[in-house]
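This briefing is for a reader who is meeting the structure for the first time. Please look over the sequence and the model before reading on.

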Amino acid sequence: MSKRFHTAFFNRWWQRIMPFRKSLPVFVSFLFLSIILWLIIRLSTEYEETLAIPLSFQTNVDDYALVYYSDTVIYAKTKLKGTQLATWQFRRNAINFPLHFNNLRLKTNRQGYAEVFIPTAQLSSDLTTWLHSSTSVVVVSPDTLYFAFEKTQKKRVSVKPLLKYKLDSRYLLVDSIRVVPDSVVISGPSRIIDTITFINTQKLDAGEISTEKNFSLKLQNPFPHSGIRISHDKVNIQLKVEPSTEATLMVPIRILDTSSCSMKLFPDQVTLRLLVPYSLYRNLSVKDFSVSVPCPDSSNFKHKMLQVKIDHLPAGTKLVEVEPEEVEFLIYN
């Protein structure tokens with residue numbers, strides 16, 4: 001029943017428009033032309049609008065860094081043609097009106113800040129040119145822009161690589177992660193500079209690596225809007241990876257602080273089982289390792305055992321096992 005109803009309705013509708021089908025292209029053409037003419041009229045007409053204009057400004061002037069600003073947007077009344085207004089509405093979040101402080105005098109206040117006051121009425125001429133307005137732009141608010149600058153200082157800090165990676169079980173990192181340069185010079189307001197002890201790189205997950213890798217990572221500015229500048233934009237990260245092999249060494253145990261105690265160890269050396277990169281295997285020496293025990297206190301006398309401590313391993317080696325982990329001792333009278 002429903003199918004028959006829809007078919008009948010469609011047939012009646014088709015019969016009604018059949019007499020007009022020849023004139024339909026003409027109607028569509030005139031409709032399209034009317035829309036074009038309407039758009040031309042609308043876009044060529046002038047409109048008075050109050051615009052919210054975002055500002056961009058320098059964060060550093062000579063030896064001073066910007067630490068405070070009163071506003072980032074000004075409101076201005078102007079007349080724009082429809083084409084200009086449409087362009088502004090489309091691009092307003094992508095373009096900012098630039099402020100320049102180079103030709104302005106910085107006045108130092110009692111707190112040591114250098115101040116700049118800019119009456120927004122002075123910006124009318126530049127805004128008129130920037131907006132391509134047919135009439136002078138009138139700034140509605142604020143009436144004055146305020147900026148405060150602080151004398152900058154410099155400081156060298158280390159670079160911390162935020163690098164994540166995995167090593168295949170058969171491979172080892174030959175040396176520690178190498179960062180070039182490993183430190184950078186930062187400059188900015190002293191109250192902010194004093195809080196910065198290192199600079200991070202951008203984060204990178206390198207996945208599983210089994211060969212030498214080099215990465216170029218950008219540095220992260222911790223206070224990009226507070227006048228902090230960094231001497232380098234990026235650093236190079238080097239990872240040297242090699243296949244590994246097993247090695248076993250007998251290393252003598254060193255007694256710490258022999259001036260306070262005199263004792264004999266049983267045994268007096270330990271066996272270290274290691275994973276070592278191939279390039280280091282041939283040159284491996286006992287002198288490259290340091291193993292120690294402390295002088296015992298009264299709590300150690302009961303069980304007569306001292307824990308062995310690994311003080312130093314050559315870069316690139318990986319400790320697998322220490323045998324024994326504890327040693328006996330005998331105190332000399």
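The points below cover confidence, two sheets, a surface patch, one lysine and two cis peptide bonds.

The structure is a predicted model. Its mean pLDDT is 81, and 77% of the residues reach 70 or more. Two open sheets are described here, one with the strand order S12-S18-S16 and one with the order S20-S26-S23.

**Confidence**

- Among the elements of the protein, helix H1, which covers residues 2–17, has the lowest mean pLDDT, at 60.
- The highest mean pLDDT among the elements, 95, belongs to strand S14, residues 198–200.

**The sheet S12-S18-S16**

- This open sheet consists of three strands, and their pairing is antiparallel.
- Its edges are strand S12 (178–180) and strand S16 (213–218); each has a single partner strand, so one side of each is left without a neighbour in the sheet.
- On average, neighbouring strands in this sheet are turned by 25° against each other, direction ignored.
- Six bridges link S16 with strand S18, residues 234–239, in the antiparallel sense.
- Lys218 has Lys234 in S18 as its bridge partner.

**The sheet S20-S26-S23**

- Three strands make up this open sheet, again with antiparallel pairing.
- S20 and S23 are the edge strands; because each has a single partner strand, one side of each lacks a neighbour in the sheet.
- Neighbouring strands here are turned by 40° against each other on average, direction ignored.
- S20 is joined to strand S26 (residues 326–331) by four bridges, and the two run antiparallel.
- Across this pairing, Met263 stands opposite Ile331 in S26.
- S26 also pairs with strand S23 (residues 305–307), in the antiparallel sense and over three bridges.
- In that pairing, Met305 has Glu328 of S26 as its bridge partner.

**A nonpolar surface patch**

- Phe266, Leu330 and Tyr332 form a nonpolar patch on the surface, and together they have about 300 Å² of accessible area.
- Phe266 belongs to strand S20, which spans residues 263–266.
- The relative accessible area of Phe266 is 41%, so this residue is partly exposed.

**Lys304, in the loop before S23**

- Lys304 is located in the loop between strand S22 (290–293) and S23.
- Lys304 counts as partly exposed because its relative accessibility is 38%, a value that falls between the cut-offs of 20% for buried and 50% for exposed.
- Although Lys304 and Glu326 are 22 residues apart in sequence, their C-alpha atoms are 9.8 Å apart in space.

**Cis peptide bonds**

- The bond from Ser141 to Pro142 is a cis peptide bond, with omega near -10°.
- Pro142 sits in the loop between strand S8 (138–141) and strand S9 (144–160).
- A cis peptide bond also leads from Glu323 to Pro324, with omega near -5°.
- Pro324 is part of the loop between strand S25 (318–323) and S26.

Key:
Residues numbered from 1 in each chain as written. Predicted model: local features only at pLDDT ≥ 70, side-chain atom pairs only at ≥ 80, totals over all residues. Heavy atoms only, no water. Pairing = 2+ DSSP bridges. Axes fitted to C-alpha atoms, helices over the stretch in contact; angles between N-to-C directions. Patch = residues over 30% accessible without salt bridge, like charges linked within 9 Å, V, L, I, M, F, W, Y side chains within 5 Å. Areas by Shrake-Rupley, 256 points an atom, 1.4 Å probe, with all protein chains shown as cover. Salt bridge = Lys/Arg side-chain N within 4 Å of Asp/Glu carboxyl O. Buried < 20%, exposed > 50% of the residue type's maximum accessible area, 1.4 Å probe, protein only. pLDDT = per-residue confidence, 0-100.
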